[in-house]
Amino acid sequence: MSAVSRPFRERLCPFRSRSLLLSAVSLFIMKESLLEILCCPLDKHDLELEDAEYDDAGEEIVAGTLVCSECGERYPIEDGIPNLLPPDMREETPA
Amino acid sequence: MTLREQREIETDVYQPAEDSQLLAEAACARLPADEDQLVLEVGTGSGYVAGRIAAETPVRVIASDLNPHAVREARGEGVETVRADLVAPFADGTFDAVAFNPPYLPTDPENEWDDWMEHALSGGEDGRAVIDPFLENVGRVLAPDGVVYLLVSSLTGVDEVVERAGEEGFSAVAVADESFPFETLTVLKLFR
């Protein structure tokens, strides 16, 4: 089942347990076509995908690194979510 | 009473409230039924607004948030998510529509608290500390006929936001509003 085409499940119950959601590992993939609409947040140049790990079907990106074709800054993809924050904003704790 | 207590906050991620619902309904009712349309929700939080757009319209929706807990929760809704500072990592001229329910509560700097929920609620002293940079930058990522659906509270000042949007080249029209005891919520449609 594609994560993205999956319907917004159980919409009538938006407050359900988050831990239950996080157990749905198949959701943590990134569509390759997302790359076309992303750019380096610093200089707006194109990003290139490196060290990509694909899912079993070989279609969706599970992990990898996005690298700016201009400045070389590196942005991680974790759990199917690219972290496109500039390096100085990347910490897990609030600024 | 702190902002946190007013909003009965218990998690690291802003959960859907009346403002989320008003924005979701306004956007879903107006987005064209066209699967080629690309829509961004900035500051998605729980993913509620993006999830409703994905469920109720054929458009492709991308959701972004600064908060790592929020992007994971929204991803759990099945929405494509990106961890981002407003619209910074999105390519020029990309989106047919951008929806944003910003942090808008005016906050005394001495009363701010340093956690993710502050980022989700506080709009700084005038309530527009996040709205202003959003208005400055959102034009870059909009397609030529792209529009913005922006939720604004009377606590933040709708006229001030409309004026600020005008300085960035946007016309504004109110497409939805709803009154509550302490504020009136308005969804502005911004277009060029």
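Colleague: Before we get to α7(B), what counts as buried and what as exposed here?
Modeller: Buried means under 20% relative accessible area and exposed means over 50%, with partly exposed in between; please keep in mind that this is a predicted model.

Colleague: OK, which residues of α7(B) are exposed, then?
Modeller: D159(B), E163(B) and E167(B) are exposed, and they sit on the other side of the helix from the buried residues V161(B), R164(B) and A165(B).

Colleague: Why do you say the buried ones line one face?
Modeller: Seen down the axis of α7(B), the buried residues fall within an arc of 100°, so they line one face of the helix.

Colleague: And what covers them?
Modeller: The cover over the buried residues of α7(B) includes the helix α6 (131-141) together with the strands β5 (142-153) and β7 (184-191), which belong to chain B as well.

Colleague: Which residue takes a positive phi just after α7(B)?
Modeller: That is G169(B), with a phi of about 90°.

Colleague: Switching topic, how much space lies in the second largest pocket?
Modeller: That pocket holds about 610 Å³ of space, and of the 38 residues that line it, the closest to its centre are G43(B), F100(B), P103(B), H119(B) and A120(B).

Colleague: Which element gives the largest share of that lining?
Modeller: The largest share, 5 residues, comes from α5(B), while α2 (18-30), β1 (38-42) and α3 (48-56) of chain B are among the elements that each supply at least two residues.

Colleague: And how does the lining split by class?
Modeller: The lining of the second largest pocket has 21 nonpolar residues, alongside 10 polar and 7 charged ones.

Key: Residues numbered from 1 in each chain as written. Chains lettered and ligands numbered in written order. Predicted model: local features only at pLDDT ≥ 70, side-chain atom pairs only at ≥ 80, totals over all residues. Heavy atoms only, no water. 1 Å grid on protein atoms, 1.4 Å probe; cavity = no way out; pocket = protein on both sides within 12 Å on 5 of 7 lines; lining within 4 Å. Points joined across faces, edges and corners; volume = space filled by probe spheres on them. Helix = DSSP H or I, 4+ residues; strand = E, 2+ residues; numbered from the N terminus. Nonpolar A, V, L, I, M, F, W, Y, C, P; charged D, E, K, R; others polar. Buried < 20%, exposed > 50% of the residue type's maximum accessible area, 1.4 Å probe, protein only. Arc of directions from axis to C-beta. Contact = heavy atoms within 4.5 Å.
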